[in-house]
Amino acid sequence: MLRPLVVVVALLASTVFAEKPAITYKPPPPGEEDRPLITEIVVGPQGTDYAFKIEFNKEPWGDACGNRCANATLFLDTDNNKATGLKLKDPKAVESGADLSITIQGTKVYREASSRSVLKVKVRQFAEDSTEIDQGRQLAELDPVQDQERVLAQGTSVYLLIDANIGDLPAGSKLRVVYHPPDSKALVGNAQGLSAPGGSRVELFKDGKLSNPVKKKKKTDYEKF
């Protein structure tokens, strides 16, 4: 069995991710007080997980961003069906139909006279009766230390493996991803879904090339959730 950590590291070592970006965004040049913004989202199935490669326009956490680190949320419509998941009151809201939200936050933990930078990844699921974004049910809160097999951050890149077995997420052959940058219109993209042909494979990359698929044991929950 191949541990998820190896999958993430293999993705990081790759010069080319298998899937094309579902979303690309060119934000205005960042100022010192501006929070890091997402510039690229790549997502695809990896075994029983959703794998993400998320690029920011500057480091999303750490000393470089100080108290103005990332606070970015993306939405995933895991079955590309607006009849399931989030039901916002505005019928034109592109986030409607999202089954999952993933929030990436760079923050600080304060202890007496000291502080340290941390990166948090919050995963929420939207039920059929969810009519507001804050009504999602939190499924997990991950970080690169406690969940190093699920979260990897290096420079401006964040790599995630989100377990599709947590909660009761629907699955389809195509998924929809939404990112709404501040002071900009919402961006929408599509990618291969978990039930697409070949979607159950774990795809490993070495030296920028696709290696043979490796089967991975199905997980029912996070090891540290």
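Two strands are said to pair if DSSP finds at least two bridges between them, and that rule underlies much of what follows for this model, which is a predicted one. Strand 10 and strand 11, the latter covering residues 187–192, run antiparallel and are joined by 6 bridges; within this pairing, arginine 176 has asparagine 190 in strand 11 as its bridge partner. Strand 10 itself spans residues 174–179 and is mostly covered, with 5 of its 6 residues buried.

From strand 10 the path leads on to strand 4, for these two strands also run antiparallel and are joined by 4 bridges, and here leucine 74 has tyrosine 179 in strand 10 as its bridge partner. Strand 4, made of residues 71–77, pairs in turn with strand 5, residues 100–111, in the antiparallel sense over 6 bridges, and in that pairing the bridge partner of leucine 76 is leucine 100 in strand 5. Strand 5 then pairs with strand 6, residues 114–125, again in the antiparallel sense, over 12 bridges, with isoleucine 104 standing opposite valine 121 in strand 6. Strand 5 and strand 6 form a hairpin with 2 residues between the strands, and in this hairpin glutamate 112 takes a positive phi near 50 degrees.

An open sheet of 5 strands can be followed separately, with antiparallel pairing and the order 1-2-3-9-8. Strand 1 (23–24) and strand 8 (151–154) stand at the edges of this sheet, and because each has a single partner strand, one side of each is left without a neighbour in the sheet. At one of these edges, strand 8 is joined by 4 bridges to strand 9, residues 157–163, and the two run antiparallel; glutamine 154 has serine 157 in strand 9 as its bridge partner. Strand 2, residues 38–46, contains glycine 44, and this glycine 44 counts as buried because its relative accessibility is 3%, where buried means under 20%. The C-alpha atom of glycine 44 is separated by 9.3 Å from that of alanine 22, a residue 22 positions away along the chain.

Charged side chains add a further set of contacts, and the count of salt bridges comes to 9. One of them joins aspartate 49 to arginine 150, with the closest N and O atoms 2.8 Å apart; since aspartate 49 lies in strand 3 (residues 49–56) and arginine 150 in the loop between strand 7 (137–142) and strand 8, the pair ties together parts that are 101 residues apart in sequence. Both aspartate 49 and arginine 150 are buried. Arginine 150 also meets aspartate 163 in a salt bridge, at 3.9 Å from N to O, and because arginine 150 is in the loop between strand 7 and strand 8 while aspartate 163 is in strand 9, this pair ties together parts that are 13 residues apart in sequence. Arginine 150 has a relative accessibility of 1% and so counts as buried, and aspartate 163, at 0%, likewise counts as buried. Elsewhere, salt bridges that share partners join Glu40, Lys53 and Glu55 into one network.

What does lysine 108 form a salt bridge with? The partner of lysine 108 is aspartate 63, and the closest N and O atoms of the two are 3.8 Å apart. This pair links distant parts of the chain, with lysine 108 in strand 5 and aspartate 63 in the loop between strand 3 and strand 4, 45 residues apart. Aspartate 63 has a relative accessibility of 69% and therefore counts as exposed.

The structure also holds 1 disulfide, which joins cysteine 65 to cysteine 69 with an S to S distance of 1.9 Å. The torsion about the S-S bond of cysteine 65 and cysteine 69 is about 90 degrees, so the disulfide is right-handed, and both cysteine 65 and cysteine 69 are buried.

There remains the question of empty space. Rolling a probe the size of a water molecule over the atoms shows where such space is left. In this model the largest pocket holds about 220 Å³ of space, and the residues that line this pocket include Tyr25, Pro28, Asp34, Arg35, Asn57, Arg68 and Asp183. Its lining divides into 6 nonpolar, 1 polar and 4 charged residues.

Note on methods. Residues are numbered from 1 along each chain as its sequence is written. This is a predicted model: local features need pLDDT of at least 70, side-chain atom pairs count only at pLDDT 80 or more; totals for chains, interfaces and linings use all residues. Side-chain values use heavy atoms; hydrogens and water are left out. On a 1 Å grid over the protein atoms alone, a cavity is a set of points where a 1.4 Å probe fits but cannot get out, and a pocket is an open set with protein on both sides within 12 Å along at least five of seven lines; lining residues have an atom within 4 Å of a point. Grid points are joined across faces, edges and corners, and a volume is the space filled by probe spheres set on the points. Ala, Val, Leu, Ile, Met, Phe, Trp, Tyr, Cys and Pro count as nonpolar, Asp, Glu, Lys and Arg as charged, and the others, Gly among them, as polar. A salt bridge is a side-chain nitrogen of Lys or Arg within 4 Å of a carboxyl oxygen of Asp or Glu. Buried means under 20% relative accessible area, exposed over 50%, partly exposed in between (1.4 Å probe, protein chains only). A disulfide is a pair of cysteine sulfur atoms within 2.5 Å.
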